[in-house]
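Student: I should like to work through this structure with you, beginning with the whole and then turning to its parts. May we proceed by question and answer?

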Amino acid sequence: MWMLGPVGFTAPWLLLGLVLLPVLWILLRAVPPAPIRRRFPGVALLLGLTDEQTETDKTPWWLLLLRMLAVAAAIIAFAGPVLNPQVREPGTGPLLILLDGGWADARDWPRRLDRAEALAEEAAREGRPVAVVRLTDRPEPPAFQSAADWQGRLSALVPHPWLPDLAPWAAALPQGRFDSFWLSDGLSHAGREALLSALESRGGVTVFESPRPVLALRPAGFADGAVQLSVLRQPAADAVSVDVSARGLDPAGIERELARVPIEFGLGADEAKAALSLPPELRNRISRFEIAGVRSAGAVSLTDDSLKRRKVALISGRAGREQLQLLSPTHYLRQALEPVADLIDGSLEDVLLASPDVIVLADVARLTQAEQDGILDWLDEGGLLLRFAGPQLATSDVSRMSEDPLMPVRLREGGRTVGGAMSWGEPKTLAPFAEGSPFHGLPVPPEVSVTAQVLAQPDPELAGRTIAALADGTPLVTRKPVGQGQVVLVHVTANAEWSNLPLSGLFVQMLERLAVSTRPAAPEAADLAGQVWVPEVVLDGFGAPLDAGEVAGVPGEVLAEGVPGPTLLPGLYAGADRRVALNAVQADTALSPAVWPDRIAVEGLETEEEQALKGAFLAGALALLLLDVLAALAVSGRLGTRVGAVRGAAVLVLVLGAAPQSRAQEDTFAVEATAAVHLAYVETDDAQVNQLAEAGLRGLGYRLRERTSVEPGEPMGLDIETDELAFFPFIYWPVTATQPMPSAAAYSRLNDYLRTGGMILFDTRDADMAGAGGSTPEARRLQALAAPLDIPPLEVIPQDHVLTRTFYLLQDFPGRYASAPVWVEAAPPDAEQAEGMPFRNLNDGVTPVVIGGNDWASAWAVDERGMELLPVGRGYTGERQREISWRFGINLVMHVLTGNYKSDQVHVPALLERLGQ
């Protein structure tokens with residue numbers, strides 16, 4: 001490619017044609033030929049006469065210049081001019097494109113793919129084979145193929161949620177010569193030097209790096225009464241601020257942002273920290289933290305049980321002896337739980353009102369009937385009742401003849417004492433924990449022993465309820481489920497009277513395994529060993545949480561290594577009694593910059609886009625030729641007045657300039673509208689109404705992405721006079737009292753849209769006024785707007801309409817208001833209800849219009865951060881109304897996309913079951 005400033009030419013030899021332009025000038029000057037002068041006396045008779053048509057004896061110089069410019073433009077166009085071409089040394093061998101492909105690439109992934117596609121296109125022009133390697137994949141020799149084969153496959157590549165291990169790739173490279181282009185994430189990874197050396201031995205190496213910093217969020221911890229957050233960046237440059245968002249479920253079960261904290265990076269700092277103080281109820285709802293505005297698995301930190309401090313109620317059956325605190329039944333429990341749980345003291349009736357996660361009864365034998373009923377109700381909701389034995393329980397008759405509802409087993413009378421002066425045996429040690437026990441995998445210290453215990457009756461259920469035993473096989477800990485919860489009995493005291501177990505570290509570990517407490521730090525390998533951990537949620541490379549689906553569980557020993565990879569995805573893993581988060585960034589992760597040798601060319605991802613100028617030069621040549629035609633007619637006197645010529649030239653220029661621009665605008669609108677499913681709204685004469693409609697559809701789009709498989713793009717405003725409507729399955733039309741009437745052409749497009757399966761939601765937004773009776777200006781305007789439309793007969797939405805069950809089962813359809821009726825297309829007269837079926841047999845059509853006045857956009861509206869813009873109702877009732885409004889919007893969109901799919905009789909059993917619930 002030959003360069004002339006910022007412009008390059010793919011066929012520069014054609015520019016030699018410009019040398020012939022002087023010859024062309026001479027030829028054009030000779031046409032028409034100069035007249036021959038002859039003396040003829042009769043010419044005197046013609047003196048004074050005027051010729052209506054005149055011809056010049058020579059072509060005017062400005063006309064010659066116009067023609068030469070037209071020819072020059074054509075020559076330059078066919079020479080292939082390109083603005084800002086990517087100029088490289090031409091290569092002849094294979095080309096290898098490497099992408100690190102980890103979460104550090106995710107933030108700039110689209111630009112990395114654009115760079116890779118540009119390299120593949122350049123290789124295609126040069127006829128070079130190409131191979132593309134993602135270094136987070138398993139190392140395999142790359143296969144070189146034609147560049148055309150790769151151009152369609154590059155867009156399907158996505159980053160992985162782990163960082164690459166480059167060491168094995170050096171041995172996987174094929175032999176032979178090839179050039180390499182490495183799109184690096186800018187971080188230093190193990191094995192980078194070896195891979196770079198192997199690539200240099202096979203050809204030239206060029207590196208591309210983004211100047212944007214890589215941001216990473218370490219796992220959140222809990223210390224000093226607050227959530228501790230730490231953000232890393234590389235490279236460390238200017239002082240900046242980033243926001244960390246805490247997301248989780250609100251009381252209505254909807255995921256939203258629960259809190260946000262800014263974190264400030266100092267000048268040159270590569271790490272910044274902040275503390276987020278939240279009430280326990282809100283902290284326990286958080287499911288993940290994420291750096292706002294950064295799409296990367298490294299910018300997301302999933303939370304597990306280590307952040308969720310449990311509320312534990314401690315109740316003792318007897319007070320400790322005065323001045324002997326160590327003999328208190330709850331002393332060791334309090335010491336073990338106070339750093340990691342919120343302890344509740346008080347009577348049993350009082351603590352039940354606080355809805356604790358765990359209730360600990362230390363040597364409590366008898367309960368009143370009211371207390372027992374309260375605990376049973378609490379257990380039905382998933383509580384954990386942990387009981388410890390003691391002298392009072394041993395001497396009582398609780399759970400002797402028949403099993404007590406709040407005891408896991410029946411007990412023998414009197415208990416058992418070993419290792420004393422009057423006993424026959426030595427103190428008993430603990431047996432290894434069985435495989436099905438929640439304590440399985442915990443090491444048993446040999447010094448832990450038991451000198452006294454309450455014994456369980458050898459009932460048939462005893463073996464299945466024993467989760468820890470002594471070396472002689474007698475149960476030490478038993479458990480049984482009650483409702484959604486469970487009852488656990490430790491057959492020794494909670495202090496050191498009967499056993500030294502409360503003095504050991506095993507005591508704390510057993511409480512953690514029982515989910516009585518949670519440790520505010522990452523679990524150790526011993527805590528995870530001996531179990532298979534099943535993933536519930538996994539992260540993709542962009543940090544989006546996904547359902548784990550069929551992802552296989554992993555052994556605790558593998559999970560303890562904590563190194564994400566192809567066989568260990570970042571995500572949330574569930575064990576028998578707890579959940580553990582494995583994040584892409586660990587607590588000890590450090591980001592180091594990649595330092596490249598001086599001999600390696602390092603370029604940025606940002607490049608000026610190549611722009612072919614051939615079309616522009618051809619259009620210019622055509623315009624000049626058309627001007628030449630007008631000029632030639634003017635010179636010959638056949639165009640009329642000069643004013644007409646000027647007008648003709650002006651019209652020509654406007655047509656040539658405006659037509660491509662208009663087509664470009666239409667093409668841009670069509671591409672944007674069809675790139676994804678877009679919800680649209682009709683732009684009115686009120687800017688505030690338009691903004692609210694856009695915010696409402698944005699909020700509805702958020703809910704669709706959260707709860708369904710529909711992933712709509714940003715909402716788009718429509719000018720019904722000019723914009724194509726067929727691109728949009730759903731249009732929201734807020735009606736204003738002063739909205740102008742559409743033209744006949746607009747009505748024609750609207751009718752075509754309604755006849756071909758589109759849906760328009762007309763919202764007069766006047767339910768607060770129309771509910772009192774009478775007609776509002778908006779309602780009257782709607783009547784005028786709808787009169788020319790081909791709208792079928794309407795009816796108030798019946799109870800069995802498919803909109804009541806498209807996705808959610810609904811009975812009401814509120815927006816910001818809830819009093820206005822909702823109108824839909826009337827069911828056909830022959831739609832009869834079959835015997836035994838709750839719904840009528842309807843066709844597969846979609847109601848073309850839905851009409852109401854509940855102001856749905858105001859209820860749906862959210863800002864860019866996903867926070868609601870306008871209040872709905874009061875308190876919980878208002879939030880419930882907003883939730884039902886979102887559900888109605890989801891039903892609308894699912895209805896227009898699936899038709900009356902839910903009217904199929906195959907869905908009747910499932911719908912009947914849900915209606916029964």
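Student: What percentage of the 917 residues in the protein is buried?

Tutor: The model is a predicted one. A residue counts as buried when its relative accessible area is under 20%. Of the 917 residues in the protein, the buried share is 48%.

Student: How much of the accessible surface belongs to carbon and sulfur atoms?

Tutor: The accessible surface of the protein comes to about 44,400 Å². The part of this surface that belongs to carbon and sulfur atoms is 56%.

Student: Which element gives the largest share of the nonpolar patch on the surface?

Tutor: The patch consists of Trp 25, Ile 26, Trp 61, Trp 62, Leu 65 and Leu 69, with about 650 Å² of accessible area together. Two or more of these residues come from each of α1 (21–29) and α2 (61–78). The largest share, four residues, is given by α2.

Student: Is Trp 61 buried or exposed?

Tutor: Trp 61 is part of helix α2. Exposed residues have a relative accessible area over 50%. Because the relative accessible area of Trp 61 is 56%, this residue is exposed.

Student: Why is strand β7 largely enclosed by the rest of the structure?

Tutor: Strand β7 covers residues 205–209. Val 205, Val 207 and Glu 209 point one way from β7, while Thr 206 and Phe 208 point the other way, and all are buried. The strand is therefore largely enclosed, the reason being its count of buried residues: five of the five.

Student: Which residue of β7 stands opposite Ser 180?

Tutor: Strand β6 (residues 179–183) runs parallel to β7, and four bridges join them. Opposite Ser 180 in this strand β7 stands Val 205.

Student: Which strands stand at the edges of the open sheet that contains β11 and β14?

Tutor: This sheet has four strands in the order β12-β11-β14-β15, with antiparallel pairing. An edge strand here has a single partner strand, so one side of it is left without a neighbour in the sheet. The strands at the edges are β12 (255–265) and β15 (300–302).

Student: By what angle are neighbouring strands of this sheet turned against each other on average?

Tutor: The average is taken over neighbouring strands of this sheet, with direction ignored. The angle is 20°.

Student: Which residue in β12 stands opposite Ser 241?

Tutor: Strand β11 (residues 240–249) pairs with β12 in the antiparallel sense over ten bridges. Opposite Ser 241, the residue in β12 is Glu 264.

Conventions: Residues are numbered from 1 along each chain as its sequence is written. This is a predicted model: local features need pLDDT of at least 70, side-chain atom pairs count only at pLDDT 80 or more; totals for chains, interfaces and linings use all residues. Side-chain values use heavy atoms; hydrogens and water are left out. Patches are made of residues with over 30% relative accessible area and no salt bridge: like charges are joined within 9 Å, nonpolar side chains (Val, Leu, Ile, Met, Phe, Trp, Tyr) within 5 Å. Accessible areas come from the Shrake-Rupley method with a 1.4 Å probe; for residues, only the protein chains shown count as cover. A salt bridge is a side-chain nitrogen of Lys or Arg within 4 Å of a carboxyl oxygen of Asp or Glu. Buried means under 20% relative accessible area, exposed over 50%, partly exposed in between (1.4 Å probe, protein chains only). Two strands pair if DSSP finds at least two bridges between them. Axes are lines fitted to C-alpha atoms, for helices over the stretch in contact, and angles run from 0 to 180 degrees between N-to-C directions.
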